[in-house]
Every structure is written in structure tokens, then in C-alpha cells.
Amino acid sequence: MRTVLVTGPGGAGRTTIAAATALAEARRGRRALLLSADALGDLLGVPVSADPTEVRDGLWAARIDSGEHFRTELLALQERAAAGLDLLGARPLTGEELTELPGSEQFALLHALRRAADGDWDVLVVDLPPVRDALAVLALPEQLRRYLRRLLPQERQAARALRPLMAQLAGVPMPSQWLYDTAARRDAELAEVQSLIEDRTTTVRLVAEPGPAAAEAVRTARTGLALYGLRADALVANRILPRDEAGHWLATLVAQQRKCLDEWYERAVPEAALREVGHLGRDPHGPDDLTLLDTGLAAGPDDAAPGPAGDPWWVEDRIAEDDLLVWCLPLPGAVKSELSLTRRDDELLLTVGPFRRIVPLPSALRRCTVTGAALTDGVLRVRFTPDPGLWPRTS
């Protein structure tokens with residue numbers, strides 16, 4: 001299954017482009033599923049529910065219902081913890097009185113991705129939130145799995161028979177087995193989603209309406225994608241106004257769009273294709289309108305085998321020349337003033353603008369000390385010097 005994650009600045013028409021992309025894949029003879037948290041009925045011309053709904057031959061769509069997901073998860077947690085809640089005299093909550101909390105949308109999206117990964121689809125098109133929120137969601141599986149490993153390491157849980165003794169020695173109650181079982185189950189679920197996000201057949205499609213604000217948003221998006229190891233396959237310039245038919249009062253807007261497009265063609269997203277999609281002059285409604293918005297981009301090459309993508313970061317061996325190892329991290333669009341990095345044990349804490357990621361160091365660099373870093377031509381180069389006490393000695 002190939003996955004296309006569609007995002008971009010808010011209000012740029014990403015949901016419309018996601019729907020047009022899914023429809024185009026169906027017209028190419030592929031079984032395509034469109035996922036979105038937005039209401040799709042007006043756009044697709046048929047009502048869409050949380051379960052995949054067939055829109056036309058080859059195209060299905062499903063709406064991500066964060067409220068229902070929140071209620072289901074909380075009621076299940078309440079049931080598993082019923083014994084403890086009874087001891088506290090708690091009154092169980094009912095589904096009718098539950099109102100979703102902030103943040104539930106992100107977990108509902110991850111759950112929908114995991115369910116879709118188990119389906120019989122050729123192409124999965126996901127309508128994501130605006131780009132900053134989208135990158136935060138896509139980074140969640142890696143972050144949450146790190147937290148679980150640190151807080152509840154499976155390899156260090158005490159045997160059941162020893163827990164009463166351990167509790168007496170420590171003077172505090174030991175974690176229950178259900179807590180470890182829950183953590184292991186969540187870790188496995190998150191691993192499935194992380195595998196889908198990091199798969200070599202998964203790409204990100206940016207949608208933006210050309211203009212001064214969009215230019216900055218695209219620059220920030222490129223940096224965030226590179227930081228999290230995600231690959232952009234296209235930048236879709238949406239709602240392009242015709243140059244020759246625009247009236248006098250639209251001339252300024254057309255000029256702004258063309259200036260932004262010229263910059264994008266020159267240097268904005270060299271690693272991705274740039275596609276222009278014209279303005280229909282109305283809100284798209286139904287498959288016929290969506291067909292007019294086809295970007296001409298397939299979801300991915302037919303010979304792309306599923307599997308983990310290659311590491312976009314590499315280590316330069318300069319031991320012989322400078323007694324250095326240099327870790328090279330491509331961060332296109334990054335600005336030096338917005339960048340900071342900190343070494344913590346065997347991890348690097350990297351902050352670039354509004355984005356932050358904690359990544360494990362390659363094994364060779366764990367035996368080195370950081371001696372400097374520089375951002376040049378969109379590549380962050382972190383210099384490491386071998387630690388004599390840890391580095392293998394040669395005779």
C-alpha cells in the first residue's frame with residue numbers, strides 16, 4: 001500500500017486536493033481510501049461515515065470521528081481499571097456524558113491510520129491538519145514509544161511472584177501487570193503507525209496557495225519534514241488565477257501568485273515536483289469538479305517495494321584527516337538563529353524553529369564528544385571527536 005499524506009497551510013484547500021488525489025488514483029484502476037476529519041459529503045457528493053463508504057468504483061472514503069474514538073477509549077480504560085475505581089468509591093462515567101478533550105483528534109488520526117494499514121487498499125490518501133499540527137501528529141508515535149520505554153521498560157519489570165516482596169523492600173506498591181500489558185499493547189500499535197509513516201512508499205504532498213504568507217509556510221514545512229525524516233513528493237500550488245482573463249482588480253493578486261511561483265520553481269522545493277492547479281471559480285462539488293483538479297501526480301512508483309526508508313542523515317569519516325566524525329543532517333530552509341542542539345547521553349536534542357526532535361546517536365558517535373556544529377547550504381554538520389577512553393586503540 002502506498003500512502004500520501006496531504007497537508008499545507010490552513011485554508012489552502014488541502015482537503016479538496018486530497019480528495020482529487022484519491023479520485024485520480026481510483027481512475028487509474030487502484031483501490032483508494034480517503035481519510036479526513038472534515039465532512040466530505042458536499043465535496044464527494046455522497047454522505048461519508050466513520051466506516052469506509054464507497055464513493056464510486058475504486059474510491060472509498062471515511063471520516064475520522066475523534067469524539068467517538070475518545071468515548072470508546074475512555075470507557076475501555078475505565079472498564080480495565082474498574083477494580084481500583086471501586087475501591088476508591090468512584091462513580092463510573094457513561095458514554096452519554098463524555099465530551100472529548102483537547103488532543104483527542106491526534107490520537108483518533110493515529111488510530112485511523114493503523115486501521116487503514118490493515119485494509120486491502122492500493123493507495124491511502126490522508127487529509128492531515130495544517131502543516132505544523134500535521135508534523136506534530138506524525139512525530140507522536142516515535143515520541144510516545146520513547147516515553148513508554150523510559151517510564152515502563154519491559155525488560156526491567158519484576159516477576160509477578162517477586163512483586164509483593166519488592167513492594168515491601170521498596171516501601172511503595174509495585175506497578176500492576178495490567179499496566180505493563182497495556183504499555184506493551186500500545187507500543188505495538190504505535191509501532192505499526194510509525195512503520196507506515198516511515199515506509200519508503202509513504203510521501204507527503206504539500207498544498208499551498210501562492211502568496212507571501214505561503215512562501216514562509218512552505219519554507220517552515222520543508223524544514224520540519226526534513227527534521228522528522230519525511231519525504232515530500234510534490235508541492236501543489238492551488239487556486240491559481242488565470243493570467244490573461246483576470247480583471248484589473250485581480251491584477252495585484254495574480255502578480256503576487258506569479259512572483260511566489262517563480263521563487264518556488266527556482267529553489268523552494270527542489271526535492272519535489274511542483275504542480276499548478278487552477279481556480280475553478282467556485283467551490284468544488286462532486287467527482288466531476290474533483291476530476292478537473294487532478295494534479296497529474298501518481299501516488300508513487302509502481303516498483304517501490306514497501307519497507308523502511310533509508311536514513312536521510314549520514315556520517316562523514318574524517319578521522320584520518322582531522323580526527324573527526326561529522327554527522328550530516330539536511331535541514332533545507334533552516335535558519336541558524338532558530339536552531340539549537342544539545343547532547344544528552346546517547347541522544348541529540350535538536351530544535352529547529354517550532355519543531356523539536358530527540359534522536360539516538362549512531363553507535364560510532366556514542367563514543368565521541370561533540371566539538372562543534374555548523375549550518376551550511378541547508379545541511380547541519382555536527383562535529384564529533386573520538387573519546388580516547390572509549391575509542392578502540394590501534395597498535
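The exercises below, each with a worked solution, concern a predicted model.

**Exercise 1. Helix packing**

Determine at what angle helix 6 and helix 9 pack, how far apart their axes are, and which residues meet.

Solution. Two packed helices are described by the angle between their axes and the distance between the axes. For helix 6 (residues 131-151) and helix 9 (residues 212-227), the angle is about 5° and the axes are 10 Å apart. Angles under 35 degrees count as roughly parallel, and helix 6 and helix 9 are therefore roughly parallel to each other. On the side of helix 6, the residues in contact are Val131, Arg132 and Leu135, which meet Thr220, Ala221, Gly224 and Leu225 of helix 9. Sorted by class, this contact between helix 6 and helix 9 has 4 nonpolar, 2 polar and 1 charged residues.

**Exercise 2. The open sheet**

Work out in what order the 8 strands of the open sheet are arranged, and which strands stand at its edges.

Solution. Strands of a sheet pair through backbone hydrogen bonds, either parallel or antiparallel. Here the order of the 8 strands is 3-4-2-5-1-6-7-8, and the pairing is mixed. Strand 3 (53-56) and strand 8 (273-278) each have a single partner strand and stand at the edges, so one side of each is left without a neighbour in the sheet. From one strand to the next, the twist averages 25°. Within the order, strand 1 (residues 2-7) pairs with strand 5 (residues 123-127) in the parallel sense over 5 bridges, and Arg2 has Val123 in strand 5 as its bridge partner. Helix 9, already met in the previous exercise, lies across strand 6 (202-208) and strand 7 (232-240), and runs at about 165° to strand 6.

**Exercise 3. Positive phi**

Establish in which loops Asp345 and Asp377 are placed, and whether each counts as buried or exposed.

Solution. Most residues other than glycine have a negative phi, and most peptide bonds are trans. Asp345 has a positive phi, near 55°, and is placed in the loop between strand 11 (339-344) and strand 12 (347-352). Because its relative accessibility is 58%, Asp345 counts as exposed. For Asp377 phi is positive as well, near 50°, and the residue belongs to the loop between strand 14 (368-376) and strand 15 (379-386). With a relative accessibility of 76%, Asp377 also counts as exposed.

**Exercise 4. Cysteines**

State how many disulfides the count gives, and decide whether Cys328 and Cys368 are buried or exposed.

Solution. With a cut-off of 2.5 Å between cysteine sulfur atoms, the count comes to 0 disulfides. Cys328, at 0% relative accessibility, counts as buried, and Cys368, at 3%, counts as buried too.

Note on methods: Residues numbered from 1 in each chain as written. Predicted model: local features only at pLDDT ≥ 70, side-chain atom pairs only at ≥ 80, totals over all residues. Heavy atoms only, no water. Axes fitted to C-alpha atoms, helices over the stretch in contact; angles between N-to-C directions. Helix = DSSP H or I, 4+ residues; strand = E, 2+ residues; numbered from the N terminus. Parallel < 35°, antiparallel > 145°, perpendicular 65-115°, else oblique. Contact = heavy atoms within 4.5 Å. Nonpolar A, V, L, I, M, F, W, Y, C, P; charged D, E, K, R; others polar. Buried < 20%, exposed > 50% of the residue type's maximum accessible area, 1.4 Å probe, protein only. Pairing = 2+ DSSP bridges.
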